[in-house]
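Reader: I should like to learn how the features of a protein model are read, beginning with the overall fold and ending with single residues. Please give the general idea each time, and then the case at hand.

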Amino acid sequence: SWTYFSSNLTSVTSVIRQHAYLIKKVDIELRILPLVKIASSMLPHLFMLGVAIGLAWHQGYAPSWYTLQVFYYLFASAFLLLGLGWITCSSVLFIKDVSQAVVIVTQFGFWLTPIFWNLSMLPQEYQFIVKLNPVHYIVTGYRDSIVAQVGVWERPQEALYFWLVAFAFFFIGKRIFARLRTHFAEVI
């Protein structure tokens with residue numbers, strides 16, 4: 001899940017620059033470019049999810065109805081990515097260092113997200129810091145779906161926080177993209 005998120009955020013950041021020829025020559029809705037990039041990487045991610053489910057099954061964690069929740073978490077990840085992608089792909093045209101900042105944040109985020117470690121390793125009073133990272137919800141959700149067999153409905157506060165943050169990024173990203181869209185041809 002982290003690989004899907006971080007690689008997509010990095011690639012979506014440069015999607016407008018990669019398709020600069022579309023800005024001046026073709027009249028298309030450029031807002032769909034990040035969505036196309038995110039959707040096109042779902043097939044390899046679904047394959048890797050299948051491998052992860054198979055490996056978990058081999059280790060004694062048989063697939064169940066909880067395993068189907070991975071599709072919910074995949075959608076949640078794509079939704080968050082779309083909002084963040086609109087912000088980064090439009091702003092990188094005006095501030096070149098945005099792409100470097102995305103790389104740094106994703107590398108730092110890797111260690112702040114409980115991927116290879118468990119949140120219970122931290123003292124209780126510091127766990128909220130990790131939970132502020134919206135990707136924590138997705139990574140934990142994948143783990144809950146495949147291994148721990150915990151339902152989405154069993155963590156309503158975390159779900160509410162995640163969706164509030166995801167919708168905030170979505171609407172902010174949509175607004176920033178719409179505002180900057182008129183200037184894309186000038187800066188490319």
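Author: Helices (H or I, at least four residues) and strands (E, at least two) are DSSP runs, numbered from the N terminus. By that reading the protein has 11 helices and 0 strands, and the order of elements from the N terminus is α-α-α-α-α-α-α-α-α-α-α. The model is a predicted one, in which local features need pLDDT of at least 70 and side-chain atom pairs count only at pLDDT 80 or more, while totals for chains, interfaces and linings use all residues. Residues are numbered from 1 along each chain as its sequence is written, and side-chain values use heavy atoms, with hydrogens and water left out.

Reader: What does the radius of gyration say about the protein?

Author: The radius is taken over C-alpha atoms, and the globule rule used for comparison is 2.2 Å times the number of residues to the power 0.38. Here the radius of gyration is 18 Å, close to the 16 Å that the rule gives for 188 residues, so the protein is as compact as a globular protein of that length. Along the principal axes, the C-alpha trace spans about 55 × 35 × 25 Å.

Reader: How many of the contacts with a separation of 6 or more join residues 24 or more positions apart, as a percentage?

Author: A contact means heavy atoms within 4.5 Å. Of the contacts in the protein with a separation of 6 or more, 78% are between residues 24 or more positions apart.

Reader: What share of the residues is buried, and what supplies the exposed surface?

Author: Buried means under 20% relative accessible area, exposed over 50%, and partly exposed in between (1.4 Å probe, protein chains only). Buried residues account for 44% of the 188 in the protein. Areas come from the Shrake-Rupley method with a 1.4 Å probe, and for residues only the protein chains shown count as cover. The protein exposes about 10600 Å², of which carbon and sulfur atoms supply 70%.

Reader: How many charged side chains are there, positive and negative?

Author: Lys and Arg count as positive and Asp and Glu as negative, with His and the chain ends not counted; the place of a charge is NZ of Lys, CZ of Arg, CG of Asp or CD of Glu. There are 13 positive and 8 negative side chains, and the centres of the two sets lie 10 Å apart.

Reader: Let us turn to aromatic rings. How many aromatic pairs does the count give?

Author: Rings of Phe, Tyr and Trp (its six-membered ring) pair if their centres lie within 6.5 Å; planes under 30 degrees apart count as stacked, over 60 as edge-to-face and the rest as tilted. This rule yields 17 aromatic pairs. In one of them, the ring centres of Tyr-72 and Tyr-73 are 4.8 Å apart and the planes stand at 70°, so the pair is edge-to-face. Tyr-72 is partly exposed at 25% relative accessible area, whereas Tyr-73 is buried at 0%. Tyr-72 also forms an edge-to-face pair with Tyr-137, at 6.5 Å centre to centre and 85° between the planes.

Reader: Which helices does the pair of Tyr-72 and Tyr-137 involve?

Author: Tyr-72 lies in helix H6 (residues 69-91) and Tyr-137 in helix H9 (residues 134-148), so the pair ties together parts that are 65 residues apart in sequence. Tyr-137 is buried, with 3% relative accessible area. One aromatic cluster includes Tyr-72, Tyr-73 and Tyr-137, with Trp-86, Tyr-142 and Trp-163 also among its members.

Reader: Which residues does Val-152 touch?

Author: Val-152 lies in the loop between H9 and H10. Not counting residues up to four places away in sequence, Val-152 touches Gln-69, Tyr-72, Tyr-73 and Tyr-137. The C-alpha atoms of Val-152 and Tyr-73 are separated by 9.2 Å, although the two residues are 79 residues apart along the chain.

Reader: Where is Gln-149 found, and what is the sign of its phi?

Author: Gln-149 is found in the loop between H9 and helix H10 (156-181). Its phi is near 55°, a positive value in a residue other than glycine. Gln-149 is partly exposed, with a relative accessible area of 29%.

Reader: Is Ile-38 buried or exposed, and which residues does Ile-38 touch?

Author: Ile-38, in helix H4 (residues 32-40), is buried at 1% relative accessible area. Leaving out residues up to four places away in sequence, Ile-38 touches Tyr-4, Asn-8, Val-12, Ala-78, Leu-81 and Leu-82. By contrast, Phe-47 in helix H5 (residues 42-58) is exposed at 56% relative accessibility.
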